[in-house]
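Here is a short briefing for a first look at this structure. Keep the view open as you read.

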Amino acid sequence: MAKEGVEKAEETEQMIEKETSKEPAEGGDGSHRLGDAQEMRAVVLAGFGGLNKLRLSRKAMPEPQDGELKIRVKACGLNFLDLMVRQGNIDNPPKTPLVPGFECSGIVEALGDSVKGYEIGDRVMAFVNYNAWAEVVCTPVEFVYKIPDDMSFSEAAAFPMNFVTAYTMLFEIANLREGMSVLVHSAGGGVGQAVAQLCSTVPNVTVFGTASTFKHEAIKDSVTHLFDRNADYVQEVKRISAEGVDIVLDCLCGDNTGKGLSLLKPLGTYILYGSSNMVTGETKSFFSFAKSWWQVEKVNPIKLYEENKVIAGFSLLNLLFKQGRSGLIRGVVEKLLGLYNQKKIKPVVDSLWALEEVKEAMQRIHDRGNIGKLILDVEKTPTPLMANDSTETSEAGEEEEDHEGDSENKERMPFIQ
């Protein structure tokens, strides 16, 4: 395993050397030029598959179209969804090559025609329909939000996907109120920690969480009751609350769907917002997909009617980019920033990684070793990798079913604020 880590570190260094040897002349503003075209660094997914499909390359720098902002990127969020995109493990995957990433933070560098309310130099965070993992992005103004002066760029990059997802599920769909109870899987991940923080803003909310045992010490204060993800959490929850829970937030799918529905109280809400059980190995597995799909309990509408239960799904990116609900999401972001300014919520950043280290960062997510969010720091210098860092994998790691795993003996590069 240590040899694997060294080989991947060497591969990363060779990639950097290859790219830097081809660097064009630098312009007066620090950008690079190839002829008359400005260029930028970007992470490119050459094709769907394993980590070897990712490359750090130079691409033509985009310019803002009508209604768009051009952002000089400082940090990008890395999500489990990005791992699924890399594998091609999503519905209607886009054509490759492509630049991954759906969220970033940075400074406004240029305004397209008809853009109002923003100025060059504004500090912002944004949703991007791919293309976020680059030094420069352009995205429509409706997906861009100004950030508070005291919010760091790494915090801002960790904010949109996790907190908007958590808030929308809890308050817009499930109508969380005082005295209710919530079960959240992957309690140590970015969304899980956002859910825990938001639940703490409502009086007397009980939070049940599942997570790998090695994460329990770090997150024990954020949830009311914490269970090992491999334990029989249904029985554990019912032992504490015989009626079950009011809200189940499921990012796993598979047999957890039936378990979650069985735990709902009358008028309770089950929300599916991910399917990480479909990811096992480094590449897409038809067997894992089929197994997860087969294990999903077939929902009988008559049974839902008789038991007074609600089942829902939530995809933030579809809501934004396909269903045109940017206005709703802007309202959610404004409420969340209000909570941030009141010091009631704060993004949990697991670690910072250079663009050159994207393979290692993505492996850490695959190993389910993160507590909170992984961030690609565009200005970060690559760190020499240790032999037992996150590039090291194991059969046990490949069989983890959640956003988490038993990697307690692996040394990491934690982010210390």
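Start with two helices. Helix H4 (residues 160-173) packs against helix H5 (residues 190-199) at an angle of about 50 degrees, and their axes are 8 Å apart. The model is predicted. Beyond this helix pair, the briefing covers an open sheet of six strands and two helices that lie across parts of it.

**The H4 and H5 pair**

- An angle of about 50 degrees falls outside the roughly parallel, antiparallel and perpendicular ranges, so it counts as oblique.
- H4 and H5 are therefore oblique to each other.
- Their crossing is right-handed.
- H4 brings Asn162, Phe163, Thr165, Ala166, Tyr167, Met169, Leu170 and Phe171 to the contact.
- H5 meets them with Gly190, Val191, Ala194, Val195, Gln197, Leu198 and Cys199.
- By class, this contact has eleven nonpolar and four polar residues, and no charged ones.

**The sheet**

- The strand order is S11-S10-S9-S12-S13-S14, and the pairing is parallel.
- Strand S11 (225-228) and strand S14 (310-313) stand at the edges.
- Each edge strand has a single partner strand, so one of its sides is left without a neighbour in the sheet.
- From one strand to the next, the twist averages 15 degrees.

**S10 beside S11**

- Strand S10 (residues 206-211) pairs with S11 in the parallel sense over four bridges.
- Ala211 stands opposite Asp228 in S11.

**S12 and its partners**

- Is strand S12 buried or exposed? Six of its six residues are buried, so S12 is largely enclosed by the rest of the structure.
- S9 and S12 run parallel, joined by three bridges.
- Here Leu183 stands opposite Val248 in S12.
- S12 also pairs with S13, in the parallel sense, over five bridges.
- In that pairing, Val245 stands opposite Leu264 in S13.

**Helices across the sheet**

- Helix H7 (residues 233-240) lies across strand S9 (181-184), S10, S11 and strand S12 (245-250).
- H7 runs at about 155 degrees to S11.
- Helix H8 (residues 256-263) lies across S9, S12, strand S13 (264-272) and S14.
- H8 runs at about 150 degrees to S13.
- Both H7 and H8 lie across S9 and S12.

Definitions and conventions:
Residues numbered from 1 in each chain as written. Predicted model: local features only at pLDDT ≥ 70, side-chain atom pairs only at ≥ 80, totals over all residues. Heavy atoms only, no water. Pairing = 2+ DSSP bridges. Axes fitted to C-alpha atoms, helices over the stretch in contact; angles between N-to-C directions. Contact = heavy atoms within 4.5 Å. Parallel < 35°, antiparallel > 145°, perpendicular 65-115°, else oblique. Left-handed = near helix turned anticlockwise from the far one by under 90°. Nonpolar A, V, L, I, M, F, W, Y, C, P; charged D, E, K, R; others polar. Buried < 20%, exposed > 50% of the residue type's maximum accessible area, 1.4 Å probe, protein only.
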